[in-house]
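Open your viewer and get your selection box ready. We will take a walk through one structure, stop by stop, and say at each stop what to pick and what is there.

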Amino acid sequence: MRPTASAQPRAHQVPEFTRIALEHALRSGLCLICAAVRASERKSIHAFLYEGMMSPGVRQDFLRKGGFCRRHFWMAKQIEEDSWQAGGIGLAILCEDLLRLASSIIEERGAQPRKNKPLIGRRTESAAITIGSPCIFCEEHATREAYLIEILEELIGEPRFQRILQDQPLCVVHGQIAAIKWKTVENRASMATALRTQLQRLAAEMRIFIDKHDHQRRSELRDEERDVLQYAIDALVGFDHSVVQEREHP
Ligand SMILES: [Zn+2]
Ligand SMILES: [Zn+2]
């Protein structure tokens, strides 16, 4: 049978670097997009701590957005600990900036008279900054996610990437984006079917897990059945970056 036009690989359109990143992410056994985006944001934060933050323009942009968000702040700390065995100083320098910035924001806000209307025109630049709000890496994350999902459609006709539509579907968060944004109707339908099959299978397994959870039947639970909660959360929202160290797949 001739493959449909949608399923034919158009590999020449995929940059080699991106293809390698996606092939590597495929080996994680997890949602391909979650794994690829995580790897790329770790590289990005590492490069920022290694040299990016030394550039005044980059550092200003970072501070203007309120520094790191909560997730990327803790990720940066982990990356610094993993990468600079003798102890990196980059995060400490950024923290000093952020501590002073947060202090001046609080001082400025405290000095403002209590009014219902915002003080347009009298607000200083620092008063407009919110510490912990979505950061430059959150913006990069969203852009990268959309790009990789788009690129994945170019690869989905290749045998190794067919796993995405069979035994290794994307998480619902990413799968839904593909099922809406992919250009070809057959590819969108295949993604929706793969997601539904996976979710229905997990829902049935979850019912077995719940039924066996009382004391009388707990001994009937097999080892693989105990992991269903973790698989279900993976399937719904992808794995949590903050706990990935404990959950690293081979
Ligand atoms: Zn995902
Ligand atoms: Zn962030």
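The tour goes from the whole chain to the metal sites, then to the cores, the aromatic rings and two polar contacts.

**Stop 1: the whole chain**

Before you start clicking, keep in mind that this is a predicted model. Show the chain as a cartoon: it has 11 helices and zero strands. Read along the sequence, the pattern is therefore one α after another, α-α-α-α-α-α-α-α-α-α-α. If you colour by burial, 38% of the 250 residues count as buried. A contact map is worth a look too: among contacts with a separation of 6 or more, 71% are between residues 24 or more positions apart.

**Stop 2: the zinc ion (ligand 1)**

Which residues hold the zinc ion (ligand 1)? Select Cys31, Cys34, Cys171 and His174 as sticks: the three cysteines coordinate through SG and His174 through ND1, at 2.1 to 2.4 Å. The angles among the four donor atoms run from 101 to 114°, and the site is tetrahedral. Along the chain, the donors follow the spacing C-x2-C-x136-C-x2-H.

Now keep just Cys31 and Cys171 highlighted. Cys31 sits in the loop between H1 and H2, and Cys171 in the loop between H6 and helix H7 (172-181), so this pair ties together parts that are 140 residues apart in sequence. Both Cys31 and Cys171 are buried.

**Stop 3: the zinc ion (ligand 2)**

Move on to the zinc ion (ligand 2) and display Cys69, His72, Cys135 and Cys138. The donor atoms here are SG of Cys69, Cys135 and Cys138 and ND1 of His72, at 2.1 to 2.3 Å. This site is tetrahedral, with angles of 99 to 120° among its four donor atoms. The donor spacing along the chain reads C-x2-H-x62-C-x2-C.

Are Cys69 and His72 buried or exposed? Cys69 has a relative accessibility of 8%, so Cys69 counts as buried. His72 counts as buried because its relative accessibility is 0%.

**Stop 4: the nonpolar cores**

Select Leu22, Leu32, Ile33, Leu152, Ile164, Leu170 and Met191 and show them as spheres. In the largest nonpolar core, which has 29 residues, these are the ones that touch the most other members. The elements giving two or more residues to this core are helix H1 (16-26), helix H2 (32-50), helix H6 (136-155) and helix H8 (185-211). H2 gives the most, with six residues.

Next, centre the view on Ile164. Leaving out residues up to four places away in sequence, Ile164 touches Leu26, Leu32, Leu152, Ile156, Pro169, Leu170, Met191 and Ala194. There is also a second, separate core of 20 residues; Leu63, Ile79, Leu101 and Ile136 are among them.

**Stop 5: the aromatic rings**

Show the aromatic side chains, where the count comes to seven aromatic pairs. Start with Phe48 and Phe68: the ring centres are 6.1 Å apart and the planes are at 90°, so the pair is edge-to-face. Phe48 belongs to helix H2, while Phe68 is in the loop between helix H3 (56-64) and helix H4 (70-83), so the pair ties together parts that are 20 residues apart in sequence. Phe48 and Phe68 are buried.

Add Phe62 to the selection. The Phe62 and Phe68 rings have their centres 4.8 Å apart and their planes at 75°, so this pair is edge-to-face as well. Phe62 is buried, too. To see the cluster that ring pairs link, select Phe48, Phe62, Phe68, Phe73 and Phe137 together.

**Stop 6: two polar contacts**

Pick Asn187, which is found in helix H8. Its relative accessibility is 5%, so Asn187 counts as buried. What does the side chain of Asn187 make a polar contact with? Show Glu153: the two side chains are in polar contact at 3.0 Å.

For the last selection, choose His141 in helix H6. His141 has a relative accessible area of 14%, below the 20% cut-off, and is therefore buried. Display Arg71 alongside, and a polar contact of 3.4 Å joins the side chains of His141 and Arg71.

Note on methods
Residues numbered from 1 in each chain as written. Chains lettered and ligands numbered in written order. Predicted model: local features only at pLDDT ≥ 70, side-chain atom pairs only at ≥ 80, totals over all residues. Heavy atoms only, no water. Donors = N, O, S within 2.8 Å, 3.2 Å for Na, K, Ca; no water. Tetrahedral: all angles 85-135°; square planar, octahedral: opposite > 155°, others 65-115°. Buried < 20%, exposed > 50% of the residue type's maximum accessible area, 1.4 Å probe, protein only. Core = buried A, V, L, I, M, F, W, Y, C linked by side-chain atoms within 4.5 Å. Helix = DSSP H or I, 4+ residues; strand = E, 2+ residues; numbered from the N terminus. Contact = heavy atoms within 4.5 Å. Phe/Tyr/Trp six-rings, centres within 6.5 Å; stacked < 30°, edge-to-face > 60°. Polar contact = N/O pair within 3.5 Å; in protein donor to acceptor, adjacent residues only side chain to side chain.
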